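Morning, everyone. I'll take charges and cysteines today. Please have the model up on your screens.

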Amino acid sequence: MLKVPRYTVRMRYVCDAPGGATWFSLETEAEAEAEAALMRHAVDKYFRRHEAAARESYRAPPNTPVFEQAIGLKGHIARTMPLFLTLRADDGEGLATAMLPPEGRNQANFRIVIVGPENGDPYTAHTAAIAALARHFSLELEREDCFPYA
């Protein structure tokens, strides 16, 4: 459990990174808000926007009773919403935030974004950790493609 100002957050483990750092998944709005507060950027705004779009695009199977229509919503959101991830040091310090394509699979026209605190460049200090994430998802996460402020 990580403690950041005003929040206690439980995040799902994704993979280890060199130097004792770990990648975790941000799966709730509260986790995204905690990440935004810790990292001093607006990941929560993007999380809410993408989650709303995923909810809006959900359609229950035809002839599904009203009380069962939301059963597939959680799975639909997981399949259609980008992955939001945080890189944390072993003491909980926020090192980087990433937005990857849904399910971590390459998607044409999807803009992968990886930023550090205050939208700084995470590649200068955390290239090896970003490479570990790239290997985990079998994605290319090159600085020139993923850091929007280069």
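**Salt bridges, a charged patch and two cysteines**

R48 counts as partly exposed, because its relative accessibility is 32%. Keep in mind that this is a predicted model.

Stay with R48 for a moment. Its salt-bridge partner is D44, with the closest N and O atoms 3.4 Å apart. Both residues sit in helix α2, residues 43-57. They are four residues apart, about one turn of the helix. D44 has 17% relative accessibility, so D44 counts as buried; the cut-off for buried is under 20%.

Now the wider count. How many salt bridges does the structure hold? There are nine.

Take E35 and R88. They form a salt bridge, and the closest N and O atoms are 2.6 Å apart. E35 lies in helix α1, residues 29-39, and R88 in strand β5, residues 83-88, so this pair ties together parts that are 53 residues apart in sequence. Are these two buried or exposed? Both E35 and R88 are buried.

Next, E103 and R105. Their side chains meet in a salt bridge, at 3.3 Å from N to O. E103 is partly exposed, at 37% relative accessibility. R105 is at 54%, so R105 counts as exposed. Back to D44 and R48: salt bridges that share partners join them with E29 and E33 into one network.

On to the surface. Where is there a patch of negative charge? Look at E140, E142, E144 and D145, which gather in such a patch on the surface. E140 is placed in the loop between α4 (123-137) and α5 (143-146). E140 counts as exposed, because its relative accessibility is 58%.

Last topic, the cysteines. A disulfide is a covalent bond between the sulfur atoms of two cysteines. How many disulfides does a search of the whole structure find? Zero.

Why is C15 unpaired? The closest cysteine sulfur is in C146, and that is 14 Å from the sulfur of C15, too far for a bond. The cut-off for a disulfide is 2.5 Å between the sulfur atoms. From the other side, C146 is in no disulfide either, and its nearest cysteine sulfur is that of C15.

Both side chains deserve a look for accessibility. C15 counts as buried, because its relative accessibility is 7%. C146 has a relative accessible area of 1%, so C146 is buried.

That's the tour. Questions, please.

Methods: Residues are numbered from 1 along each chain as its sequence is written. This is a predicted model: local features need pLDDT of at least 70, side-chain atom pairs count only at pLDDT 80 or more; totals for chains, interfaces and linings use all residues. Side-chain values use heavy atoms; hydrogens and water are left out. Patches are made of residues with over 30% relative accessible area and no salt bridge: like charges are joined within 9 Å, nonpolar side chains (Val, Leu, Ile, Met, Phe, Trp, Tyr) within 5 Å. Accessible areas come from the Shrake-Rupley method with a 1.4 Å probe; for residues, only the protein chains shown count as cover. A salt bridge is a side-chain nitrogen of Lys or Arg within 4 Å of a carboxyl oxygen of Asp or Glu. Lys and Arg count as positive and Asp and Glu as negative; His and the chain ends are not counted. The place of a charge is taken as NZ of Lys, CZ of Arg, CG of Asp or CD of Glu. Helices (H or I, at least four residues) and strands (E, at least two) are DSSP runs, numbered from the N terminus. Buried means under 20% relative accessible area, exposed over 50%, partly exposed in between (1.4 Å probe, protein chains only).
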